[in-house]
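Q: Before we go through any feature, could you show me the model that we are going to read together?

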Amino acid sequence: MKIVLLGPPGAGKGTQAEMLVKKLFLPHISTGDMFRAAIAAGTDLAMEAKSYMDKGQLVPDALTIGIIRDRIAQPDCREGFLLDGFPRTLAQAEALDQMLADMDTELDAVLNISVPLDNLVTRLTGRRMCRQCGNIYHMTYNPPKDENTCDSCNGELYQRSDDKEETVKNRLTVYENQTAPLIEYYTNTGKLKTVDGDQAIGKVLVDLGAALGQNWA
Ligand code: AP5
Ligand code: MG
Ligand code: ZN
């Protein structure tokens, strides 16, 4: 299955993706995670991406599309993949359609996680991530047992540099202007399924499964 997860910053794409890929045996492809890994490794490309990410702006399409083109050409993507955070501009969506057409395939579903804007700032400013395994926590909604330590690997928890309140507000504006138009784009292809993301994490997963024709209740 070839799936796109769509939704504003903080909608729960990463949280749901971790669980979806285990159930569906798909590679989890998150452009945000790929950029953060490159930044940690200190590559030149990453330094360019970082300058945009720190301001809450999108990394230029040419760079982002190139990264996805290389990634989905890998053998582990042959049977499918779950894209998290790509595409997020019309140009990226069109490029993805073209890449898939060139491979004689197409998307199966676009899952849109919908959360009221008011909740997103709280979700993002309270988020903590594990430096070691990438697990996602929230100090109120999904707290770790110890506030500085990952439950599953004992790694150190940190706050993403773009989760400061000012940067979060920029990211939400960028989403409204550049990414929200994809909802109409994918509605027109008949592939969009919208799920209410303003529910408990486990219930959102059940609804995403139902949108894919799976019974995980
Ligand atoms: P990226 O890393 O993709 O960030 P994002 O899209 O802003 O989304 P987030 O990762 O912040 O949110 P999420 O939906 O994954 O939510 P999460 O599950 O963590 O991108 C970062 C940057 O990279 C971009 O700003 C851009 O610069 C660049 N970039 C990436 N892709 C790009 C592209 N295609 N083109 C150009 N630039 C690109 O959950 C959030 C919090 O809420 C957590 O604390 C979680 O515990 C909590 N939570 C989750 N679900 C629930 C629930 N149901 N109830 C209560 N709390 C919940
Ligand atoms: Mg994420
Ligand atoms: Zn961890």
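A: This is a predicted model, and a useful way in is to ask which elements line a bound molecule: here α1 (13-24), α2 (31-41), α6 (117-125) and β6 each supply at least two residues of the shell around ligand 1, with α2 giving the most, namely 4 residues.

Q: How many residues surround ligand 1, and which are the closest?
A: The shell holds 35 residues, and the closest are Thr15, Thr31, Gln57, Arg127 and Arg171.

Q: Which polar pairs should I look for between the protein and ligand 1?
A: Backbone and side-chain atoms both deserve attention: a backbone N or O atom of Gly10 lies 2.9 Å from an oxygen atom of ligand 1, a backbone N or O atom of Lys13 lies 2.8 Å from an oxygen atom of ligand 1, and a polar side-chain atom of Thr31 lies 2.7 Å from a nitrogen atom of ligand 1. Of the 1000 Å² that ligand 1 exposes when taken alone, the protein buries 97%.

Q: Is Arg171 buried or exposed?
A: Buried means under 20% relative accessible area, so Arg171, at 11%, counts as buried. Arg171 is found in helix α7 (residues 165-179), and among the residues that it touches are Pro9, Gly56, Leu124 and Asp163.

Q: Which atoms hold the zinc ion (ligand 3), and why is their arrangement called tetrahedral?
A: The protein donors are the SG atoms of Cys130, Cys133, Cys150 and Cys153, lying 2.3 to 2.4 Å from the zinc ion. Four donors count as tetrahedral if all angles lie between 85 and 135 degrees, and the arrangement here is tetrahedral because the 4 donor atoms subtend angles of 97 to 116°.

Terms used: Residues numbered from 1 in each chain as written. Chains lettered and ligands numbered in written order. Predicted model: local features only at pLDDT ≥ 70, side-chain atom pairs only at ≥ 80, totals over all residues. Heavy atoms only, no water. Donors = N, O, S within 2.8 Å, 3.2 Å for Na, K, Ca; no water. Tetrahedral: all angles 85-135°; square planar, octahedral: opposite > 155°, others 65-115°. Buried < 20%, exposed > 50% of the residue type's maximum accessible area, 1.4 Å probe, protein only. Contact = heavy atoms within 4.5 Å. Near = heavy atom within 4 Å. Polar contact = N/O pair within 3.5 Å; in protein donor to acceptor, adjacent residues only side chain to side chain. Areas by Shrake-Rupley, 256 points an atom, 1.4 Å probe, with all protein chains shown as cover. Lists of a residue's contacts leave out its neighbours within four places in sequence.
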